[in-house]
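Reader: I should be grateful for a close look at a single part of this structure, set within its surroundings. Please begin with the chain that forms its setting and then proceed to the part itself.

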Amino acid sequence: MSSTPALNRRSLAWAAILLATLAVAPLWLPSYPLVTLTRILVFALLAVSLDVLVGYTGLPSLGHGAYFGAGAYAAGWVAIHMTQSATLTLLVASASGAAAAAIAGSVAVRAQGVFFLMLTLALGEMAHQLAESWQEVTGGSNGLYGIPAVHLGTIVLLSARAVYWWVLSTFVSGVAVLGCVAASPFGETLRGIRDNEGRMRALGYRVYHYKLAAFILSGAFAGMAGGLLATHQRLVTPADGGLGTSTLALFAVIIGGEASLSGACLGAALVVLIRDSLGASLGGRGPLVLGVVFVAVVYLLPSGLAGALRPAWRR
Amino acid sequence: MTTLSCVGLCRQFGALRAVDGVDLVLPEGSRHALIGPNGAGKSTLFRLLAGGLRPSAGRIFLDGGDITHLAETRRAQLGIGQTFQHSSLFLSMAASENIRLAAQRSLGRPWWPLPCSFPTVRERVEQLLGAVGLSGRGEAPVASLSHGERRQLEVAVALATRPRVLLLDEPAAGLSPAETARLSELIAGLPRDVALLFVEHDLDLVFRLATQVTVMHLGAVLMQGTPEEVRVSPEVQAAYLGTGQREDLFLPREPE
């Protein structure tokens, strides 16, 4: 497996072409596919944030929906009660995701392997229960509805196009930031912990602090993705932050190939397309197809979609 | 000047006293070998000194300060470097990245969240690659290195943090004679202010490099002395070099 950060010229060129295509997509795409694309971008940002934890730090979290949900509820609540500024709601969403991750992470990152997985799952379920039962703030099982459209300066993000562009630009900035972090000395430290935690300790690294920092960073961007969800869906339900979301995000990361941000995006796109588009035309058998795809990817492409697409000389 | 020392160090696993009242003093710049049959407690003693294991009793000092209760991470920051009996490297990374991770901790800013490379770290990595005979192999993934090359890389990784005390656990295990010779040269060329404690079964290497030898047997120190004294000691020959009865290796000797 190549460990060099994917910031070389060739992948930058591909990213630029893809970005240009995504930027002009609303000009020719009808509104339903555009909404699906928006959903893919939101989910991809969640998957990328999770990949920082799973792929780079080696911490498989099964409760990442909680931080996504925390961001979504926070953004929705702020938009209803305080301000409709798009940037402010997004910042609050991010901060909420980070705060929730800081609390959960300070407990979870002390554990290893399966114990970590189970702890994140339990903490995620607790968050889900909180969303169900804290009527006054979350609206309980009805969800938080009636979230107003947010505005960016004087532009109200009402049309599918406007929302899409806002989501796209946030997604791009989010992925760019996480890509930079992954290629930084900090990212290298995280990969060292993933490869050999004991050795890192013997080298004098304070492993706990780095793991917690990765957890909080990941939570912040999951929260940001949640903020985007609240903005485009204008409704947040407990299921948005539940186990289903957590599992699908982990699916996306593994299908895409761990420790590859572009892979996580591809995985997210595949998951959303199968669940929402293909699933609808198959009479609701999307999850079944997802399961089959997952098994096939694990057996046929051990390093995920990104591994399969990587040129042979880099494998 | 003493760098690392321990007094009455013990570690029990159930009824087994793996390390039993060991006193050891490593002066600055010393070249100290630790020998003894398998199961003598050498690796356990290493883990106690480096902080991977907590002692059941006894104290450990670094530069006169008590470090008995400090965690492994903190001890590493204070200058204890180590290599392990079994290679412990970062397998998904290239050789140079392994050294860089170690060098970055002390020379760079390992928490810096934007892409950058520290010139002092880069220099150190190049210098260490050369020092352990891996120049030109920096880009090779660890997975493709030979066993001998990995042992050399281990030493480079341990040296990259600029330790003041270096603990090498069987650095020459499984090396070819040519590789052993190179490793021996590397160890002989270590900076004089680094105190070195190493476990080794290759007695030629031990007698060539060490100025002090400690022989362990059944968790306790059997004898301590210069390589010459150890070589001629009948006790050591009985316990370790193999002229005694085999059961002597496993039974505690009767108090005389």
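Author: In this predicted model, buried residues account for 54% of the 315 residues of chain A. The secondary structure of chain A amounts to 14 helices and two strands. For 315 residues the globule rule gives 20 Å, and the radius of gyration of chain A is close to that at 19 Å, so chain A is as compact as a globular protein of that length. Along the principal axes, the C-alpha atoms of chain A fill a box of roughly 50 × 40 × 40 Å. Of the contacts in chain A between residues at least 6 apart in sequence, 78% join residues that are at least 24 apart.

Chain A touches chain B through 21 residues of its own, and chain B contributes 26 residues to the contact. On the chain B side, helix H2 (72–78) and helix H3 each provide at least two of the touching residues. By character, the residues on this side of chain B comprise 15 nonpolar, eight polar and three charged.

Helix H3 of chain B is the part to examine closely. It runs over residues 95–107, and at 1.5 Å a residue its 13 residues should span 18 Å; the end C-alpha atoms lie 18 Å apart, which agrees. How much of H3(B) is buried? The count is 12 of its 13 residues, so H3(B) is largely enclosed by the rest of the structure. The buried residues include Ala95(B), Ser96(B), Glu97(B), Asn98(B) and Ile99(B) at the start of the list. They continue with Arg100(B), Leu101(B), Ala102(B), Ala103(B), Gln104(B), Arg105(B) and Leu107(B). The cover over these residues comes from both chains: it includes helix H8 (185–195) of chain A, and helix H4 (119–131) and helix H5 (147–160) of chain B.

Chain B also contains a sheet. Six strands of chain B form this open sheet, in the order S6-S7-S8-S3-S9-S10 and with mixed pairing. Its edge strands are S6 (80–83) and S10 (220–225) of chain B, each of which pairs on one side only. On average, neighbouring strands of the sheet are turned by 15° against each other, direction ignored. Within the sheet, S7 (residues 165–169) and S8 (residues 195–199) of chain B pair in the parallel sense over five bridges. Leu167(B) stands opposite Leu197(B) of S8(B). Helix H1 (residues 42–50) of chain B packs on the sheet, where it touches S3 (31–35), S6, S7, S8 and S9 (212–217) of chain B. The direction of H1(B) makes about 150° with that of S7(B).

Two loop residues beside these strands deserve attention for their backbone angles. Most residues other than glycine have a negative phi. Glu170(B), which is not a glycine, has a positive phi near 50°. Glu170(B) lies in the loop between S7 and helix H6 (177–188) of chain B. It counts as buried because 20 C-beta neighbours fall inside 10 Å. Leu218(B) is likewise not a glycine and has a positive phi of about 50°. Leu218(B) belongs to the loop between S9 and S10 of chain B. With 21 other C-beta atoms within 10 Å, Leu218(B) is buried.

Conventions
Residues numbered from 1 in each chain as written. Chains lettered and ligands numbered in written order. Predicted model: local features only at pLDDT ≥ 70, side-chain atom pairs only at ≥ 80, totals over all residues. Helix = DSSP H or I, 4+ residues; strand = E, 2+ residues; numbered from the N terminus. Expected span 1.5 Å × (residues − 1). Contact = placed C-beta atoms within 7 Å. Nonpolar A, V, L, I, M, F, W, Y, C, P; charged D, E, K, R; others polar. Rg over C-alpha atoms; globule rule 2.2 N^0.38 Å. Pairing = 2+ DSSP bridges. Axes fitted to C-alpha atoms, helices over the stretch in contact; angles between N-to-C directions.
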